[in-house]
Amino acid sequence: MRHIKTLGVAMIAVFALVAFAGASTASADVLCNVNTNPCPTGNIVASGTTISARLRTGSSAVLQTSGGFINPTLSCAASSVTLRTTSAGGTGRPVTGNLTGLTFSSCTSTNPSGCSASATVTGLPTSGSLTWTSGGNGTLSVTAPTVTFTCPNPLGGTITCSYGTGTVSGSFTGNTPATVSFNGVPIRSLSGGLCPPTTRWTATYQVDSPASLYLFGP
């Protein structure tokens with residue numbers, strides 16, 4: 001359950017990163033749709049642009065939980081993220097945006113099996129920022145929405161667990177397509193009782209639109 005939540009967070013973080021594009025000058029952090037630095041004015045991803053992403057082909061979003069009465073590992077084969085840029089960033093400032101959509105489906109689980117095959121995501125939109133690091137790459141930081149899954153209770157019935165809130169960070173790699181990766185990122189549990197208190201999320205998302213994205217700094 002927690003695994004799925006983390007996965008949701010993770011996808012959210014990927015889309016938010018891509019969406020944090022905005023118009024700016026060549027001396028500021030900008031998202032660019034060509035691998036040219038400084039980015040030509042006509043190739044800067046404008047504020048208000050919708051960015052869409054999905055799990056990289058052949059990969060899954062995985063949430064590994066621990067410390068609970070049950071400790072499922074959840075793997076989702078399908079996930080999508082939608083975000084919208086809200087500012088152009090600037091010298092010494094990150095590009096910002098909102099995560100407006102997040103889905104998780106085709107999920108399976110172990111320890112126990114039989115957890116829900118999709119997640120319920122609430123609390124959207126959330127905010128985030130993208131900060132340049134080197135080359136056409138950067139770091140994406142985003143506020144996680146709430147992702148909820150249910151799993152069988154060995155004592156009978158089901159257990160419902162929710163994960164989210166706080167800030168999660170992933171690495172953005174500029175390319176055609178651009179990708180955002182989360183490697184063992186810890187996600188906060190919002191549930192008590194039998195739900196696992198600790199979970200780590202691993203996932204890589206690729207941006208479908210725009211087809212090419214690079215992050216350039218000063």
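Where does Ser-212 lie, and between which strands? I looked this up first in the model, which is a predicted one, and found Ser-212 in the loop that runs between strand S13 (198-209) and strand S14 (214-216).

**Entry on Ser-212**

I next asked whether Ser-212 is buried or exposed. Its relative accessible area is 14%, and because buried means under 20%, I entered Ser-212 as buried. Leaving aside residues up to four places away in sequence, I noted that Ser-212 touches Cys-32, Asn-33, Asn-175 and Thr-176. For Asn-175, which is 37 residues apart from Ser-212 along the chain, I wrote down a C-alpha separation of 5.9 Å. With Thr-176 there is a polar contact from side chain to side chain, at 2.5 Å.

**Entry on cis peptide bonds**

Which peptide bonds ending at Pro-38 and Pro-125 did I note as cis? The bond from Asn-37 to Pro-38 is cis, with omega near 5°, and Pro-38 belongs to the loop between strand S1 (30-32) and strand S2 (50-55). Leu-124 and Pro-125 are likewise joined by a cis peptide bond, with omega about 0°; here Pro-125 sits in the loop between strand S6 (120-122) and strand S7 (126-132). I marked such bonds for a second look because most peptide bonds are trans.

**Entry on positive phi**

I then turned to backbone angles, since most residues other than glycine have a negative phi. Ser-106 is not a glycine, yet its phi is positive, at about 55°; this residue lies within strand S5 (residues 95-110). Its relative accessible area of 47% puts Ser-106 in the partly exposed class, because that class runs between 20% and 50%. Thr-165, also not a glycine, has a positive phi of about 65°, and I located Thr-165 in the loop between strand S10 (158-163) and strand S11 (167-173). At 30% relative accessibility, Thr-165 counts as partly exposed.

**Entry on the sheet with S10**

How are the strands of the open sheet that contains S10 ordered? I read the order as S6-S9-S10, three strands with antiparallel pairing. S6 and S10 are the edge strands, each pairing on one side only, and from one strand to the next the twist averages 25°. Looking at one of the pairings in detail, I found that strand S9 (residues 146-152) and S10 are joined in the antiparallel sense over six bridges, and that Thr-150 stands opposite Thr-160 in S10.

Key: Residues are numbered from 1 along each chain as its sequence is written. This is a predicted model: local features need pLDDT of at least 70, side-chain atom pairs count only at pLDDT 80 or more; totals for chains, interfaces and linings use all residues. Side-chain values use heavy atoms; hydrogens and water are left out. Helices (H or I, at least four residues) and strands (E, at least two) are DSSP runs, numbered from the N terminus. Buried means under 20% relative accessible area, exposed over 50%, partly exposed in between (1.4 Å probe, protein chains only). Contact means heavy atoms within 4.5 Å. A polar contact is a pair of N or O atoms within 3.5 Å; within protein, one must be able to donate a hydrogen and the other to accept it, and residues adjacent in sequence count only if both atoms are side-chain atoms. Two strands pair if DSSP finds at least two bridges between them. Axes are lines fitted to C-alpha atoms, for helices over the stretch in contact, and angles run from 0 to 180 degrees between N-to-C directions.
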